[in-house]
Amino acid sequence: MNPTTGPVGSGRVARIVLVGFMGAGKSSVGAALAGRLGWDFVDMDEEIRARTGRSIPEIFASGGEAAFRSLEDAVGADLLSRSHLELEAGGVWAAVAGRLENLPGATVSVWLRVSPEEALRRASGQGIRRPMLETPDPLETARELLRLREPFYSVADVTLDTEGSDPQRLAVDLLRVIDGLPLSPPT
Ligand code: S3P
């Protein structure tokens, strides 16, 4: 069947996956979008916390990034079997070769793009511990992580710059772009 375009709510789109760096606005844009779509909005980190009973810093402290990544793999695969789902994906989860290229059919991936400076500014105002940025020079770390991750994020179906726009505006823009995006039917 040929790819089709049309409104997100028409059943053509089963899932929207938001990816991007820490502080990119995945939670705020995701919440604005969920308010408009009425879909389930799941934060992968929250899901990991709920399933393991441990916080993200605790998981990093005991098993490092490798332990966190394997939890993300399992939880992500499980969540992607659901429909009418808006998923806030972990920044690490999306930065895996082939991840965004191999999402299930009828799934739209969205990269919320942010500069390292703005990411750190937002992230520091949120009061959430981010083990990946707990280094002697967080800005340099953010720059380096972004440099490594951008090639993975950039294969998303949609790229949206989040600086200078509020979450509600971004959600409206995003829905408009997705409506015009040709998509393959669900697999
Ligand atoms: C991470 C992002 C965090 C959390 C963990 C690692 C990353 O989520 O999963 O601290 O390396 O991008 P947020 O993007 O919601 O802060």
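Biologist: Which residues surround the ligand?

Modeller: They are Met 22, Lys 26, Asp 45, Ile 56, Phe 68, Glu 88, Gly 91, Val 92, Arg 130, Pro 131, Met 132 and Arg 149. A residue is near a molecule if one of its heavy atoms lies within 4 Å of the molecule. This is a predicted model, where local features need pLDDT of at least 70 and side-chain atom pairs pLDDT 80 or more, while totals for chains, interfaces and linings use all residues. Residues are numbered from 1 along each chain as its sequence is written, and side-chain values use heavy atoms, with hydrogens and water left out.

Biologist: What makes the pair between the ligand and Lys 26 a polar contact?

Modeller: A polar contact is a pair of N or O atoms within 3.5 Å. An oxygen atom of the ligand is 2.7 Å from an N or O atom in the side chain of Lys 26, so the pair qualifies. A polar side-chain atom of Arg 130 also lies 2.7 Å from a ligand oxygen, and for the side chain of Arg 149 the distance from an N or O atom to a ligand oxygen is 2.7 Å.

Biologist: How much of the ligand does the protein bury?

Modeller: Taken alone, the ligand exposes 380 Å², and the protein buries 94% of that. The areas come from the Shrake-Rupley method with a 1.4 Å probe.

Biologist: Which pocket does the ligand take, and why is it said to sit there?

Modeller: The ligand takes the space of the largest pocket. A molecule sits in a pocket if more than half of its atoms lie within 2 Å of the pocket's grid points.

Biologist: Why is a space called a pocket?

Modeller: On a 1 Å grid over the protein atoms alone, a pocket is an open set of points with protein on both sides within 12 Å along at least five of seven lines. Lining residues have an atom within 4 Å of a point. The largest pocket is lined by 38 residues, and Met 22, Lys 26, Asp 45, Glu 88 and Arg 130 lie nearest its centre.

Biologist: How many residues of that lining are charged?

Modeller: The lining has 11 charged residues, beside 16 nonpolar and 11 polar. Asp, Glu, Lys and Arg count as charged, Ala, Val, Leu, Ile, Met, Phe, Trp, Tyr, Cys and Pro as nonpolar, and the others, Gly among them, as polar. The shell around the ligand divides into 6 nonpolar, 1 polar and 5 charged residues.

Note on methods
On a 1 Å grid over the protein atoms alone, a cavity is a set of points where a 1.4 Å probe fits but cannot get out, and a pocket is an open set with protein on both sides within 12 Å along at least five of seven lines; lining residues have an atom within 4 Å of a point. A polar contact is a pair of N or O atoms within 3.5 Å; within protein, one must be able to donate a hydrogen and the other to accept it, and residues adjacent in sequence count only if both atoms are side-chain atoms.
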